[in-house]
Amino acid sequence: MRQTVVASMFMLAAIAQALAAPSEYQNLIPEPKQIRVTGEQWMVAEGEAPKATIVVSPRQERAKIGAEEINDRLAFLEGPALPVVEAQDAEALGEVDGLPIVIANCYGSDLAKAIIAECKVNVTRDDPGEQGYVIRFLTFRGHKLIFLCGSDRQGTLYAAVTFRWLLEREGDSILATVCSVRDWPDFMWRGTGCLMQMRKGYPVYGSEDQAEALKAHVDWMLRHKLNFLGDYFYGGEDVPSLEAARWMREFNAYARARGMVGEEYQSTNVGYDARDKDDPRFAGMMHTRDLFFSWSADDLLRKRAQEVAEFWDASGLECLVLHPPDGGGPLDPEMWSQRSEQDKKRWGDDRAAADAHVFNTFYEEARKRNPHLKVVYVVYPYNAIYLDWQGLKQRYPELTREQFEKNGRQYFKRFATLIPEDVHICVWLGEKRFMDEFRSIFGDRPMYYWFMISRGWTNSGWLVTTHRHIPTNYYGNPADIMAVRIDRNAPNYINRAVACQFAWNTKSEGAQDFTGSYYDFQKDNDEPRVIIDRWGLLACRSMWGSKAGPLIFQAFNKGIIPALIVEPSRVFDRANRDRRRVGLPGLELTPEMMLKQAEGCEAAAKALDRVLGMDVRMEDLAERLYVYYLRRTHCLAAYAWAHYYLLLANQGVAEGDEQKVSENVAAGKAALDAGLADMAKVLAVTAEMKTTDPKYPKTADRGVFPCIPGTDADFPKMRESLEAAERRYADSQLEFEPVKHEGPIRVAIYNPESDGGSAIGEQGWLLTLEDAEDIEAEFVDDLGLSNLINYEVLLYPQCNSGRSVGRYEFFEVLKRYVEEAGGGVLFGHHSVGSDRAQFGMETTFPRIGLGSTQRLDSNKVIVDAEHPITAGPAEAGSVAEFEHTYFDHFIIKPGSKGTVILKDPAGGAVMVAGAQGKGRVIYDGTIMLTQDNKPVKAEGSWREVFLNAIRWLAHRR
């Protein structure tokens, strides 16, 4: 039986120091559950001479890999490799030179059995158990011996990688810290691997042998006892070619030899647009996001399942995660209402039986190829919160109790009776009170916990504390998978190491119950401090060593959030959606928030600078990551200071304070100038160092530095934003004549990407307007009034606005543009006002549109009014009902002066128009995208209505 934790490295630090023990052993994460340090040291090498020999049992391959790990550590310490010999019995030790280091399973070796029996080592297959191990410094038959022994072969390997951290150099000698270790994991499968990230950076990026280069990633994971990795070809729903499986098979064999499992996702679709949209067999099927789904086309379903199974087998992947149609929420899960007539005839309304049939078909074909493959079913909805009536009702007011029971609890119970017993069930990490019931419904089946350290791909800090929630859903099932999903804010090795600490030991200090919030950017980068100051520091020491680690840690203990500095809308978007759903007001970026980021980056940069003058060796990955953070802390410090002054200048614009505007614009420009000079020095210093980011120096001469995926710290653009503040102040004093509605219609399409924002749908608008002879359209990122009055119409897409646009522009400037200048504005998709929008439900023109009441998964609209906008579709011989291309649209609540132009077949308004002051306004709940989020040009009646809308806004109709 496993023993309780009697000591930890953290608790024994003072004892070890008193005994003059070395410190490198304290850099191990996850920290062993039990470790007792004596303060002694045993020599394993002196100068160029080995003073120990590694003894492994024949046919124990992971013991041999453990020997390689030990010698890898010795090479880093600039010591000699230790001889490695195979020995089966105790007598062989008499022929071993120097100190024997025995690596063996607790079974299958006469030598191990003898050591266990004679030295009374407490280790069996069951204790400490799966992946568990012990380390003992012993006297065996009169001779010193180091014993690294696992309850199983993986535990034996983990004993060796733990022993790595007991080795360090003192003068001319390499010594091992004498201690007693007993350790085992709680979650047996601990996943935070993201190969897609690794493939985008050095040393993998540009490598001719990608599989070989990626092995460094596996080595790092092994040394931190992570054993579940994914994102090989993330997001692809068409099975890759078998040619792509070759590098994966080689790589997966290397990972599997080290006890790791590779996983990847596939949807349960039977086809996709690129291949099948013109095939009559797919006509009438449920279609969403470029994918065709069927619950009854067995021939197509079986063929697709066989394709997936063949690739998984060829590539050496050992976990298949199956995802059903994604969408519909609790009201219409999987968009079941859109299933084909064939599906309705075969299954009626029994979604659970239909889903089980689909999932089980994939399961059968996959298991034919690999009987040991882990198969995960992503049940929809895959969240225990769907057992919480009060919580769901608050988020979905239109949800009935009958729908809640049918689509949640009743579905889970029925589905659980129709699937194999060994299937993993995917579920978001959830509150224990709901997870208890969810697990009881699915019996003893293992869970696959989907837990993102931060919802959204790039909006977290460099170190977050959400890992503390991992223990909430530990139930002791050895097959459970804690699939911690690292966000796209790569690289994130420190976050991954801390996540594994809590998956390895669910009683780690700082563990807290999950309460429903996955990530709060206001606190989960800073508190509780024990996560930062104990586990974050330990992870940094593990990566960079006892000397450099604490200094580099300064980049992780300041609450630095790169996205908040360069594209804050990404940070606020998800947070404000969640807040508005529960009736809380949205958050806005303040100068105080940016000041904290500026001061934190500046302090971190100074600390990292000190490492440059230190005499420390770094492993390859550690050096690359150090350069990554050194460059970024310097860059972000200057950029955050400039952004801070921009926010103060914007306040001056809103307050009408010309002096505040001019002083802060000048301070922001000075911060940028100083930052560019500083970056020139940093790049010069790091020019010959190893890096992880191949793109970083390529745009430096333009003052553009990569920061987060998709967004750079663009110094020239920030300078333009500062200058725009002065123009906006001048605009506030501007007197102007109304725009003239004559000649070609001048259309501005707001695209904030060059101003640090993001948009979607704007490209489709431009494509549609390009060949309209009477319309001239172009993108703009400046919503200053002096710029807008050059156009008759502004199209405002679904977007997160840039640095130069905030509440003042959205509400005050646009209002003046319409009412006083006579301009026309069209707001698209969720910018009509919704909990997803940057400014929530609040609209600039509430007399015309009062925001969205819901989002519907539908692409059909009906002409509702005889209006200049519908002239054509409403005329005799034209179509009164038509389709747009995207899979959803927003339903709008008309204001007192709003006219419903288009409506959903269910009756809700999709387009509302009205006049205000001298101008006109349209709220349009559609978006010009394909179902897989690509720009699309409007055609047919949809195009006709859109062009008429532009002409009406421009007073041409």
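Q: Which strands, in order, form the closed barrel with parallel pairing?
A: In this predicted model, let's start with the barrel. It is closed, has 8 strands and shows parallel pairing. From one strand to the next, the twist averages 30°. The strand order is 10-11-12-16-17-18-19-20.

Q: Which strands of the sheet does helix 9 touch?
A: Helix 9 spans residues 298–315 and packs on the sheet. Its direction makes about 160° with that of strand 12. The strands touched are strand 12 (261–267) and strand 16 (319–323).

Q: Which residue in strand 19 stands opposite Val 427?
A: Strand 18 covers residues 424–428 and strand 19 covers residues 447–452. The two pair in the parallel sense over 4 bridges. Opposite Val 427, in strand 19, stands Tyr 449.

Q: Which helix gives the largest share of the largest nonpolar core?
A: This core has 225 residues, and those with the most contacts inside it are Phe 438, Phe 442, Trp 544 and Phe 556. The largest share amounts to 21 residues. It comes from helix 20 (residues 620–655).

Q: Which residues does Phe 442 touch, not counting residues up to four places away in sequence?
A: Phe 442 is among the residues with the most contacts inside the largest nonpolar core. With residues up to four places away in sequence left out, Phe 442 touches Val 379, Phe 412, Phe 415, Ala 416, Ile 419, Ile 425 and Met 447.

Q: Why is the pair of Tyr 265 and Trp 450 edge-to-face?
A: The structure holds 52 aromatic pairs, and this is a nice one to look at. The ring centres of Tyr 265 and Trp 450 are 5.8 Å apart. Planes over 60 degrees apart count as edge-to-face. The planes of Tyr 265 and Trp 450 are at 80°, so the pair is edge-to-face.

Q: How many residues apart in sequence are the parts that Tyr 265 and Trp 450 tie together?
A: Both Tyr 265 and Trp 450 are buried. Tyr 265 lies in strand 12 and Trp 450 in strand 19, so their pair ties together parts whose separation in sequence is 185 residues.

Q: Which helices hold Phe 412 and Phe 438?
A: These two form an edge-to-face aromatic pair, 5.1 Å centre to centre with 80° between the planes. Phe 412 is buried, with a relative accessible area of 0%, and Phe 438 is buried with a relative accessible area of 0%. Phe 412 lies in helix 13 (residues 401–416) and Phe 438 in helix 14 (residues 432–441).

Q: What ring does the charged end of Arg 351 sit over?
A: The charged end of Arg 351 is 3.7 Å from the centre of that ring. The ring belongs to Tyr 411.

Definitions and conventions
Residues numbered from 1 in each chain as written. Predicted model: local features only at pLDDT ≥ 70, side-chain atom pairs only at ≥ 80, totals over all residues. Heavy atoms only, no water. Pairing = 2+ DSSP bridges. Axes fitted to C-alpha atoms, helices over the stretch in contact; angles between N-to-C directions. Contact = heavy atoms within 4.5 Å. Core = buried A, V, L, I, M, F, W, Y, C linked by side-chain atoms within 4.5 Å. Buried < 20%, exposed > 50% of the residue type's maximum accessible area, 1.4 Å probe, protein only. Phe/Tyr/Trp six-rings, centres within 6.5 Å; stacked < 30°, edge-to-face > 60°. Lys NZ or Arg CZ within 6 Å of the ring centre and 35° of its normal.
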